[in-house]
Amino acid sequence: MDLARKHGGLHLLPPFSHVGSGIYRGRLEALAGVWPFLQTTSAEYVVLSDCDVVTNIDYRKVIKAHKNTGADITVVYGNGIFTMEETRHCSVLGINEDNRIYDMLVSPEMSGSCNISLNMFVMSKAFLLNIIKESSARNLYSFEKDILQARLHDYKIYGYNHEGYFSKISSMNTYYQAIWSFLILNQERHFSYLTHQSTQRLGITLQLSSTSAQVLKTHLLQMDVLLRELLRTLFFSVALRLARAQLLRTVFLCRILPLEASAKSPM
């Protein structure tokens, strides 16, 4: 893709507030700081997204769903089972059967099955300019609290369920968890592919004896499950060993450095 072009392409915008108070306080204030750029862009729709979510998503499908529902704002969300530590850094959504959002909790302390916002939003450029102008006049700066939560029943806000893999990076712990889950996911795909290929070959070779082929296929699938569990155990064992080695190295350096400092200091 050609990003270095005169029309469109990639634009880097300054992360400062237009009110002279330094770094912006929220998403709305940041967007107000680049008001001239938003006014002159030829885009019909706008996608707002943070950089702390690891996923692979096709925004064309989100924009299509946004048009079909006639929503003012479409929020991309993911469903899963989360701990209180994880939901503390997220917005939890209440969604009805039509995928319309009827409730929103910002940074709640709750656990269990939740629909969490992935901080990806789709809306028209005209709608975005209107809420930026109104928010600036009312000294509002938080998109989640002042727009999504406060105006939930004034605007048509719908959700888009992202069913693919996603991981929110909110700490060093979640960062390492995302790395290991990627490794495990890749290994699972690799073994599933091998199992699929093996069963296909068995089906071709033993097509005269379908019962035997089915028994062997069942055994291969059982082996696949055992190998996945073995991989999980192996990866987490390696992770613990690396963490322990790093901790020992840190303790060793903490003991050595004061000795070196005392050796260099004059008597």
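1. Strand β6 is mostly covered: ten of its 13 residues are buried. The model is a predicted one. The points below start from β6 and end at helix α5.

2. β6 spans residues 112-124 and runs antiparallel to β1, with five bridges joining the two. Two of the facing residues can be named. Tyr 45 stands opposite Ser 124 of β6. Val 46 has Met 123 of β6 as its bridge partner.

3. β1 itself covers residues 45-49, and its side chains alternate. Val 46 and Leu 48 point to one face and are buried. Tyr 45, Val 47 and Ser 49 point to the other face and are not buried. Such alternation between the two faces of the sheet is what a regular strand shows in general.

4. β3, residues 73-82, also pairs with β6. The sense is antiparallel, over nine bridges. Here Gly 78 stands opposite Ile 116 of β6.

5. β4, residues 91-95, is joined to β6 by two bridges, again antiparallel. Leu 93 of this pairing stands opposite Asn 115 in β6.

6. Now helix α5, which takes in residues 125-137 and holds Ser 135. Is Ser 135 buried or exposed? Ser 135 counts as buried, because its relative accessibility is 2% and the cut-off for buried is under 20%. Leaving aside residues up to four places away in sequence, Ser 135 touches Leu 28, Leu 140 and Ile 147.

How values were computed
Residues are numbered from 1 along each chain as its sequence is written. This is a predicted model: local features need pLDDT of at least 70, side-chain atom pairs count only at pLDDT 80 or more; totals for chains, interfaces and linings use all residues. Side-chain values use heavy atoms; hydrogens and water are left out. Buried means under 20% relative accessible area, exposed over 50%, partly exposed in between (1.4 Å probe, protein chains only). Helices (H or I, at least four residues) and strands (E, at least two) are DSSP runs, numbered from the N terminus. Two strands pair if DSSP finds at least two bridges between them. Contact means heavy atoms within 4.5 Å.
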